[in-house]
Amino acid sequence: MIHKKLLREAEVQDSVDRHVAVWARELEWLDPVREAIAARLMILARHTAQARREVLDADGLKYWQYKVLLMLRRSGPPYECGPSGLAERLGLTRGALSARLGPIEEAGLITRTQESGDRRRVRVRLTEAGHAAFEAHAAAEDAGEDALLSALTETERRTLADLLRKLVVAVEGEPGAAAPGSPAPRRSRSAVR
């Protein structure tokens, strides 16, 4: 029974199979397996990015606003941070961060408060509305990712996650790669949950 299912799945072709068939005929040096992997990763990355944009549009958030909420949420209770630390986590200058915080504060998603005793020390804190906006966005994104992965069994998901980890470890180990513990280039809810 499982063997028949695998045979049926192998018979199903996608756009990458057609792409590889064309280029394998044209380029004798082409590794069709490597090309298929790279092309499928690119298609999935585009799909995921588009789905993320659609969720952000539905939420009324801009990506940079969501990143601020994400970093505050990721910091753990009480979901606050100093501007210097927040700017560093986001890869921004303090001036660029300050310009971004204004609209988010006006929307009621964060507050900026001065520490007692030192007016120069400011804390940026996620409000209840900001927490709710983050949670709603993260849940919608999670549902989209779950829909994408619904074609896989739990075992297949684990195998894929393990194989992708192996690739990410290899990339992160390259010179110029992010140092361990540095923020990911985009959100990682798994670190938040």
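**Exercise 1. Confidence along the chain**

Find where confidence is lowest and where it is highest in the protein chain of this predicted model.

*Solution.* Step 1: compare the helices. Helix α1 (residues 2–11) has the lowest confidence, at a mean of 58, whereas helix α8 (residues 154–172) has the highest, at 94.
Step 2: look at a weak stretch. Residues 179–193 have a pLDDT below 50, and in the model this stretch has 27 contacts beyond near neighbours in sequence.
Step 3: take the chain as a whole. Its mean pLDDT is 84, with 83% of the residues at 70 or more.

**Exercise 2. A pair of rings**

Describe how the rings of Tyr 66 and Phe 134 are arranged, and say which parts of the chain they tie together.

*Solution.* Step 1: choose what to look at. A pair of aromatic rings is described by the distance of the centres and the angle of the planes.
Step 2: read both values. The ring centres of Tyr 66 and Phe 134 are 5.7 Å apart and the planes meet at 5°. Planes under 30 degrees apart count as stacked, so Tyr 66 and Phe 134 form a stacked pair. The count of aromatic pairs comes to one.
Step 3: place the partners. Tyr 66 belongs to helix α4 and Phe 134 to helix α7 (residues 128–149), so the pair ties together parts that are 68 residues apart in sequence.
Step 4: check the surroundings. Buried means under 20% relative accessible area. Tyr 66, at 0%, is therefore buried, and Phe 134, at 2%, is buried too.

**Exercise 3. An arginine in helix α4**

Is Arg 73 buried or exposed, and which side chain does its own side chain contact?

*Solution.* Step 1: locate the residue. Arg 73 sits in helix α4 (residues 63–74).
Step 2: use the cut-off. Buried means under 20% relative accessible area; Arg 73 has 14%, so Arg 73 is buried.
Step 3: find the partner. The side chain of Arg 73 makes a polar contact with the side chain of Glu 135, at 3.1 Å.

**Exercise 4. Three salt bridges**

The structure holds 10 salt bridges. For Arg 40, Glu 80 and Asp 162, name a salt-bridge partner of each, then work out where the residues lie.

*Solution.* Step 1: start with Arg 40. Its partner is Asp 17, and the closest N and O atoms are 2.9 Å apart. This pair links distant parts of the chain, with Arg 40 in helix α3 (residues 32–59) and Asp 17 in helix α2 (residues 15–26), 23 residues apart. Arg 40 is partly exposed at 29% relative accessibility, and Asp 17 is partly exposed at 25%.
Step 2: go on to Glu 80. Glu 80 pairs with Arg 123, the closest N and O atoms being 3.4 Å apart. Glu 80 is in strand β1 (residues 80–81) and Arg 123 in strand β3 (residues 118–126), so this salt bridge ties together parts that are 43 residues apart in sequence. Glu 80 is partly exposed at 21%, as is Arg 123 at 23%.
Step 3: turn to Asp 162. Asp 162 bridges to Arg 165, with the closest N and O atoms 2.9 Å apart. Because Asp 162 and Arg 165 are three residues apart in helix α8, about one helical turn separates them. Asp 162 is partly exposed at 33%, and Arg 165 is partly exposed at 46%.
Step 4: look for shared partners. Asp 14, Asp 17 and Arg 40 are joined into one network by salt bridges that share partners.

Key:
Residues are numbered from 1 along each chain as its sequence is written. This is a predicted model: local features need pLDDT of at least 70, side-chain atom pairs count only at pLDDT 80 or more; totals for chains, interfaces and linings use all residues. Side-chain values use heavy atoms; hydrogens and water are left out. Helices (H or I, at least four residues) and strands (E, at least two) are DSSP runs, numbered from the N terminus. Buried means under 20% relative accessible area, exposed over 50%, partly exposed in between (1.4 Å probe, protein chains only). A polar contact is a pair of N or O atoms within 3.5 Å; within protein, one must be able to donate a hydrogen and the other to accept it, and residues adjacent in sequence count only if both atoms are side-chain atoms. Rings of Phe, Tyr and Trp (its six-membered ring) pair if their centres lie within 6.5 Å; planes under 30 degrees apart count as stacked, over 60 as edge-to-face and the rest as tilted. pLDDT is the predictor's confidence in each residue, from 0 to 100. Contact means heavy atoms within 4.5 Å. A salt bridge is a side-chain nitrogen of Lys or Arg within 4 Å of a carboxyl oxygen of Asp or Glu.
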